[in-house]
Structure formats: C-alpha cells, structure tokens
Amino acid sequence: MSLLQRVVQAMQEVAPLSLADQSWDNVGVLLESPAPNKKNVVMLTIDLTPAVMEECVRKGVEVILAYHPPIFRPMKRLVLQDPKQRVLLEATMAGMSVYSPHTSLDAAEGGINDWLASLVAGSGKYTAAPIQPTAAYAPHAKEQTESTGMGRVVLLEEEIELTALVQSLKRQLDLPTLRVALPDEWKPSHKVSSVALCAGSGSGVFRSLRRRVDVLLTGEMGHHEVQAANAARQAVILCEHTNTERGFLKSVLQKALESMLEGTTVLVAEADHDPLVAW
C-alpha cells in the first residue's frame, strides 16, 4: 500500500470526508503523484505556500497534508507564473501528493473545533455540542453522530471572567495579542459561562445558533457582524483565521498520525504561519 493510500485510510478514521460540507468545500486527495518519491515522510500544514513547498522539498516529503485545500476553484491551466499553480507543479515534479481534510476535520469528533473547545475550558469542566449538526448539511453521512458538525457551543460548569478567558487563550495559542470587542456596558471582569466557537471564519456558522451565548470565538469576523454581536450583548474574541487551527496540527494530529502510520516520519511545517502578525 502506498503512503498516500495509508494517509487516506488514516484520515478517514480521524476525519471522514463525509463530514465535510461538500456543497462548497474541496476535500480529499487533490494531487496524486504519478511517480511518488517513496521517502515515507508526511508534512502537516495549514496552507501550502511557496515557503512551505520549499521546506517540503528540502525535507524530502512524499505526502503533504494541507488543511486548506490548495485547489479550491476550477483551474483552466497550470502555469509557473501563478504562485499557487507553481506550488502544485513543483509538488508533482518532486513526487509529492497532496491531501486536504478541511471541513471534515472541523466537523469530526475530536477535531479542530473540539480541540478549540478544550482550550476554552482550560482545566475546568464543560460540555460541548455542534452549532450546526452534520445532519443539517450532510444528512446522508454514514459517520455522523450527535457530536459531529460545524462549530461548537461550550457550556462551562463554572463562570470565568472574560479577561481570564482571553489571557488563557493567548497563553495556550501562544499569541501576543487577540482582538476583543465588548458590549458597551461590559467590563473586562464580566463573568461568562457560554462560548460559541468556530475555527477559521465563524460568521456563517454562528447564524445557525439556536441559543444565546456570552461570547463568540473565531478567527475572523466582519466589522458589522462584530457590532451586531455587541448590540446583542455578546463579546467577540478574534484570534486571526489560522491561529484557531494551526495548534491542532502539533497538539493532536501529528501524534495521531505517528501512531497510525507506524514507521513514517510525520512533520509539522515550520514555514507555515498566519500572514497577519502584531507589530
């Protein structure tokens, strides 16, 4: 069995593709090398950028697991002048294949959103449930359970001051700053007990909320959406898009794949980073 086939098999256990929102997403094997380099190395990355591609070449990677699909919209041609297309051509030339789990990994039990929910709770007790259950967008998914779906509503057993929640997230995500928007009457010491979260960009998922929560946590939201949340007496915490996703690779996925792909080297890209930084 090829390394790509083993990765596909392992990822089907971690995050079945049937859980993805395939009405718009593009998941699974996106590039299959006709001549794998057989170096038995897997690279995990959020984005397959030129810098990450250079690292993959340097480290002899055979399969790239890119969370964000590097092929998203139809391409009419593949040319070197286009940086994204060039990366794909370089991967093919180097005998590399590319797999993308994207929203299947968001929706999966134990996936990115469940990891993010655990960061919200810290060491405290909590319950978490999907905001948008799999049945709402993929009713025929065989692997769906009550715990699979987009986003999570986290209910904390004990209230926590908002400022303590922010500081805890900064520490766990290893970020110097977060962007926070408070309702006019709130102070940083305001106590909260419920958080709706969605890794990446959460606005669309938050529209499916069926209960009021104290805090919306995601990577990015539009200006008017933040204002609307504050007007509804909800705080907003924004971490920047990929900062809500990247930590999962090293904390959870790398270890899982090392166990499942015995004898395979599983790396996390050092060149992968959020394009927005605090100055």
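In which helix is Thr92 found? The first point below answers this, and the remaining points treat other parts of the structure, which is a predicted model.

1. Thr92 and its surroundings. Thr92 is found in helix 3, which covers residues 83-93. With a relative accessible area of 33%, Thr92 is partly exposed. Beyond residues up to four places away in sequence, Thr92 touches Leu31, Ser33 and Pro34. The chain also brings Ala35 into this neighbourhood: Thr92 and Ala35 are 57 residues apart along the chain, and their C-alpha atoms are separated by 8.3 Å.

2. Domain division. The protein chain is divided into domain 1, made of 3-105 + 244-268, and domain 2, made of 109-239. Their centres, taken over C-alpha atoms, are separated by 27 Å. To the contact between them, domain 1 gives 15 residues and domain 2 gives 19 residues.

3. Annotated positions. An unreviewed UniProt entry lists His68, Asp106, His241 and Glu245 under "binding site". These positions span 178 residues in sequence, yet no two of their C-alpha atoms are more than 13.3 Å apart, so they gather at one spot. Two of these positions, Asp106 and Glu245, are taken up in the next two points.

4. Asp106. This residue is found in helix 4, residues 103-107. Is Asp106 buried or exposed? Its relative accessible area is 7%, and Asp106 is therefore classed as buried, the limit being under 20%. Setting aside neighbours within four places in sequence, Asp106 is in contact with Tyr67, Ile112, Asn113, Gly149, Met150 and Arg152. With Tyr67 the link is also polar: a polar contact of 2.5 Å joins the two side chains.

5. Glu245. The loop between strand 12 (235-238) and helix 10 (246-260) holds Glu245. Glu245 counts as buried, at 1% relative accessibility. Leaving out neighbours within four places in sequence, the residues in contact with Glu245 are Ile46, Tyr67, His68, Ile112, Trp115, Ala199 and Gly200. One of these, His68, is itself listed by UniProt under "binding site". A polar contact of 3.4 Å joins the side chain of Glu245 to that of His241, and His241 is likewise among the listed positions. Tyr67 appears in the contacts of Asp106 and also in those of Glu245; Ile112 likewise occurs in the contacts of Asp106 and in those of Glu245.

6. Strand 11 and its partners. Strand 11 (residues 215-220) is mostly covered, with five of its six residues buried. On which strands does strand 11 pair in the parallel sense? Strand 10 (residues 191-201) pairs with strand 11 in this sense over five bridges, and strand 12 does so over four bridges. Leu216 illustrates both pairings: Leu216 is the bridge partner of Ala196, and Leu216 also stands opposite Val236 in strand 12. Strand 11, helix 9 (residues 223-231) and strand 12 together make a right-handed β-α-β unit.

7. Ser194. Strand 10 contains Ser194, which is buried at a relative accessible area of 4%. A polar atom of the Ser194 side chain lies 3.0 Å from the backbone nitrogen of Asp214. Apart from residues up to four places away in sequence, Ser194 touches Val154, Leu155, Arg211, Arg212, Val213, Asp214 and Val215.

8. Strand 13. Strand 2 (residues 41-45) and strand 13 run parallel and are joined by four bridges. Val266 in strand 13 is the bridge partner of Val42. In a regular strand the side chains alternate between the two faces of the sheet. Along strand 13 (residues 265-268), Val266 and Val268 point to one face and are buried, whereas Thr265 and Leu267 point to the other and are not.

9. Backbone angles. Most residues other than glycine have a negative phi. Asp174, although not a glycine, has a positive phi of about 55°. Asp174 lies in the loop between helix 7 (162-173) and strand 9 (179-181), and at 69% relative accessibility Asp174 counts as exposed. Arg233 is not a glycine either, and has a positive phi of about 65°. Arg233 lies in the loop between helix 9 and strand 12 and is partly exposed, with a relative accessible area of 39%.

Note on methods
Residues numbered from 1 in each chain as written. Predicted model: local features only at pLDDT ≥ 70, side-chain atom pairs only at ≥ 80, totals over all residues. Heavy atoms only, no water. UniProt positions renumbered as here; feature names shortened; annotations may be inferred. Helix = DSSP H or I, 4+ residues; strand = E, 2+ residues; numbered from the N terminus. Buried < 20%, exposed > 50% of the residue type's maximum accessible area, 1.4 Å probe, protein only. Contact = heavy atoms within 4.5 Å. Polar contact = N/O pair within 3.5 Å; in protein donor to acceptor, adjacent residues only side chain to side chain. Pairing = 2+ DSSP bridges. Right-handed = clockwise from strand over helix to strand, strands pointing away. Domains from an automatic or database assignment.
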